[in-house]
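Let us take a walk through this protein together, with the sequence and the 3D view side by side. Keep the viewer open as you read, and turn the model whenever a new residue is mentioned.

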Amino acid sequence: MLAAFAGLLAWLAIRSGGTADAKGKTIARLEVLRIALDEFHKKNRHYPADSQGLDALRSETSGVLEADPPYSAVALDGWDRPFVYRMAGEGPPILYSTGPNGIDEQGAGDDLKAAASK
């Protein structure tokens, strides 16, 4: 079920000819990644370590996201830059895009953050 839902969101995030701009793509991709991180946590009882990063979500390592697509479709933000991922203690990880200016403002400024984990 997750794979189908994530696949649909990934398709919406990368479709061409639509009205989705870089910000819209980024928001959709963040949601796919947030859901995948929650699924990874359910399966493994922990989130990926900083050293693993989002690559741990690929199906060959975790069984969460198919390797190609949807993983490759959501691996970069709408400006083709990698997302920032890091663990923050025992809670959910921090996940965001550096936004249009490409400057890491630690999730502030024009950075786009993932919705809170459910």
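**Starting from the core**

A good place to begin is the inside of the chain, where the largest nonpolar core brings together 18 residues. Those with the most contacts inside this core are Leu33, Leu37, Leu54, Leu57, Leu65 and Leu95. Two elements give two or more residues to the core: α2, which spans 22-44, and α4, which spans 71-74. The largest share, six residues, comes from α2. As background, nonpolar side chains in soluble globular proteins tend to be buried together. Please bear in mind that you are looking at a predicted model.

To get a feel for the core, try centring the view on Leu33. Which residues does Leu33 touch, once its neighbours within four places in sequence are left aside? The contacts of Leu33 are Leu54, Leu57, Val74, Phe83 and Leu95. Of these, Leu95 will come up again when we reach the strands.

**The overall plan**

Now zoom out and follow the chain from its beginning. There are four helices and three strands, and they come in the order α-α-α-α-β-β-β along the sequence. The chain has 118 residues, and 37% of them are buried. Its accessible surface amounts to about 6500 Å², and carbon and sulfur atoms account for 54% of that area. If you take the contacts between residues at least 6 apart in sequence, 45% of them join residues at least 24 apart.

**The sheet and the helix that packs on it**

Next, look for the strands. The three of them make an open sheet in the order β1-β2-β3, with antiparallel pairing. The strands at the edges are β1 (84-86) and β3, each of which pairs on one side only. Between β1 and β2 there are three bridges, and these two strands run antiparallel. Here you can find Tyr85, which stands opposite Leu95 in β2. This is the Leu95 that is among the core residues with the most contacts, and Leu33 is in contact with it.

Helix α2 packs on the sheet and touches β1, β2 and β3. The direction of α2 makes about 160° with that of β2. So far, then, α2 has appeared as the source of the largest share of the core and as a helix packed on the sheet.

**A chain of charges along α2**

The same helix deserves another look for its charged side chains. How many salt bridges does the structure hold? There are two, and they link Glu31, Arg34 and Asp38 in a network.

Take Glu31 and Arg34 to begin with: they form a salt bridge in which the closest N and O atoms are 2.7 Å apart. These two residues are three apart in helix α2, so about one helical turn separates them. From Arg34 the network continues to Asp38, through a salt bridge with an N to O distance of 2.8 Å. Arg34 and Asp38 are four residues apart in α2, and therefore they too are separated by about one helical turn.

Are these residues buried or exposed? Glu31 counts as partly exposed because its relative accessibility is 23%. Arg34, in contrast, has a relative accessible area of 6% and is therefore buried. Asp38 is buried as well as Arg34.

**Details in the loops**

To finish, visit the loops. In the one between α4 and β1 you will find Asp80, which has a positive phi of about 60° although it is not a glycine. Asp80 is exposed, because its relative accessible area is 58%.

The loop between β2 and β3 holds Gln106. Gln106 also has a positive phi, of about 55°, without being a glycine. With a relative accessible area of 53%, Gln106 is exposed.

Gly102 is found in the loop between β2 (94-97) and β3 (112-113). Its relative accessibility is 31%, so Gly102 counts as partly exposed. Try locating Arg81 from there: Gly102 and Arg81 are 21 residues apart in sequence, and their C-alpha atoms are 7.9 Å apart in space.

Conventions. Residues are numbered from 1 along each chain as its sequence is written. This is a predicted model: local features need pLDDT of at least 70, side-chain atom pairs count only at pLDDT 80 or more; totals for chains, interfaces and linings use all residues. Side-chain values use heavy atoms; hydrogens and water are left out. A nonpolar core is a set of buried Ala, Val, Leu, Ile, Met, Phe, Trp, Tyr and Cys residues joined through side-chain atoms within 4.5 Å. Buried means under 20% relative accessible area, exposed over 50%, partly exposed in between (1.4 Å probe, protein chains only). Contact means heavy atoms within 4.5 Å. Two strands pair if DSSP finds at least two bridges between them. Axes are lines fitted to C-alpha atoms, for helices over the stretch in contact, and angles run from 0 to 180 degrees between N-to-C directions. A salt bridge is a side-chain nitrogen of Lys or Arg within 4 Å of a carboxyl oxygen of Asp or Glu. Accessible areas come from the Shrake-Rupley method with a 1.4 Å probe; for residues, only the protein chains shown count as cover.
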